[in-house]
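Trainee: Could we go through this model together, one point at a time?
Mentor: Gladly, let's open it up.

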Amino acid sequence: MSSFSQSFPPKPTFTQKDVPNLSGKVFLVTGGYSGVGLEVSRVLFHKGGRVIIAGRSEKSYSAAVEEIKGNCGDGLTVDVSTPGSLEFLFIDLSDLTSIKPSVETLLKDLNRLDVVWYNAGVMVPPAGSKTKQGYELQWGTNVVGHFLLHKLLCPLLTATAAGSEAGSVRAIFVSSLMHAYGPKPYGIDFDSTTIDSEKAKSIPIWTLYSQSKAADAILAAEYAKRAIDLAPTAEDGTKKNHVISISLNPGNLKTNLQRHSNTNKIKEFLINMILHPQSLGGLTELYAGLAPETADCNGGFVIPFGRKGSVASYLQKGMEKEDIGKKLWDILEEDVKSYV
Ligand SMILES: NC(=O)c1ccc[n+]([C@@H]2O[C@H](COP(=O)([O-])OP(=O)(O)OC[C@H]3O[C@@H](n4cnc5c(N)ncnc54)[C@H](OP(=O)(O)O)[C@@H]3O)[C@@H](O)[C@H]2O)c1
């Protein structure tokens with residue numbers, strides 16, 4: 001689907017009112033207290049779900065709780081008979097040491113996890129910004145931190161899927177239209193993804209963002225294959241009850257993501273003209289995570305504002321011809337092994 005169609009999409013067909021009652025279900029949204037993530041948390045809560053918001057600022061979380069409870073969003077009415085719940089999970093994706101302790105505490109109190117949105121992200125920070133462990137900040141946050149989190153959540157996702165309706169348990173990796181502009185030929189320059197990489201210094205910051213978003217899409221496709229292998233075999237020999245893994249472009253949206261972008265007033269005005277309300281990005285993420293029609297999208301890509309699309313062809317080629325997904329997965333396994 002063309003960049004134009006993704007930048008100027010038709011109205012969503014899957015909206016808040018299509019989200020079923022979610023009581024009894026458990027969801028986790030990284031970065032769920034701002035931007036697109038907040039819109040996802042809002043709908044999940046008002047539809048009765050238990051919503052775990054993972055992030056690094058309890059203050060931002062508290063402000064979001066006020067906002068979410070006081071405003072149920074377009075097209076929704078508060079159903080007081082099935083209130084949802086909101087809780088905070090401290091995780092700093094740019095510090096791998098922060099992830100396991102929080103997840104271990106959470107898992108003591110969790111017997112299911114229906115859908116996780118790996119939504120948090122950082123875009124074009126000042127050049128040279130790094131994570132606590134020394135990865136280029138966008139790579140470390142958007143990719144390495146989420147990979148570690150996913151590894152820790154994976155057993156519970158797999159177990160939930162084994163005992164749930166086929167296609168209902170999902171892991172959503174939030175990518176971007178920018179995934180199409182990663183380093184050629186296949187989206188990732190692996191020399192720039194190591195700790196204290198000298199190579200990363202020579203790559204434009206936007207290309208490094210694109211690379212991180214290409215990796216998110218590749219991870220979703222790679223996990224889609226692995227999730228089937230991990231699922232139990234049913235009596236009829238099939239493996240229907242596996243986690244569904246999807247990546248997506250939420251759309252070009254007015255959020256805090258542009259906080260680091262260096263623009264003048266005219267550029268800012270022009271950019272704002274082509275950005276859409278963040279709630280539409282929320283619907284795109286909800287479509288990937290909850291819509292019955294995306295149950296057959298395992299390994300696929302969803303585009304604004306809730307349509308089935310596909311990843312850029314160079315990425316597809318890399319995955320098919322060079323097994324970039326396995327290469328990425330193996331490298332990340334090695335990167336996070338001391339933090340699991
Ligand atoms: N907005 C767009 O046009 C657009 C387009 C394509 C894709 N996306 C993707 O959509 C996702 C959501 O972005 P958004 O537009 O909603 O931006 P946003 O409002 O800036 O939200 C990003 C979220 O990520 C969190 N985050 C950043 N670094 C973190 C860290 N180290 N640990 C934990 N959380 C961290 C932020 O928390 P803090 O506030 O604490 O930093 C914030 O909650 C991102 O993955 C982004 O790449 C957005």
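Mentor: Let's start with a rule for helix pairs: angles under 35 degrees count as roughly parallel, over 145 as roughly antiparallel, 65 to 115 as roughly perpendicular and the rest as oblique. Keep in mind that this is a predicted model.

Trainee: How are helix 6 and helix 9 oriented to each other?
Mentor: Helix 6 (residues 205-230) and helix 9 (residues 313-322) pack with their axes 11 Å apart, at an angle of about 45 degrees. That angle fits none of the parallel, antiparallel or perpendicular ranges, so the pair is oblique.

Trainee: Which class of residue makes the contact of helix 6 with helix 9?
Mentor: Helix 6 brings Ala214, Ala217, Ile218 and Ala221, while helix 9 brings Tyr314, Leu315 and Met319. With no polar and no charged residues there, the contact has seven of one class: nonpolar.

Trainee: Where is the cis peptide bond that ends at Pro185 found?
Mentor: Most peptide bonds are trans. The one from Lys184 to Pro185 is cis, with omega near 10 degrees. Pro185 is found in the loop between strand 5 (170-174) and helix 6.

Trainee: What residue precedes Phe305 in the other cis bond, please?
Mentor: Phe305 is in the loop between strand 7 (301-303) and strand 8 (307-309). Omega is near -20 degrees for this cis bond, and the residue before Phe305 is Pro304.

Trainee: What is the phi of Val124?
Mentor: Most residues other than glycine have a negative phi. Val124 sits in the loop between strand 4 (115-118) and helix 5 (137-162). Its phi is positive, near 40 degrees.

Note on methods. Residues are numbered from 1 along each chain as its sequence is written. This is a predicted model: local features need pLDDT of at least 70, side-chain atom pairs count only at pLDDT 80 or more; totals for chains, interfaces and linings use all residues. Side-chain values use heavy atoms; hydrogens and water are left out. Axes are lines fitted to C-alpha atoms, for helices over the stretch in contact, and angles run from 0 to 180 degrees between N-to-C directions. Helices (H or I, at least four residues) and strands (E, at least two) are DSSP runs, numbered from the N terminus. Contact means heavy atoms within 4.5 Å. Ala, Val, Leu, Ile, Met, Phe, Trp, Tyr, Cys and Pro count as nonpolar, Asp, Glu, Lys and Arg as charged, and the others, Gly among them, as polar.
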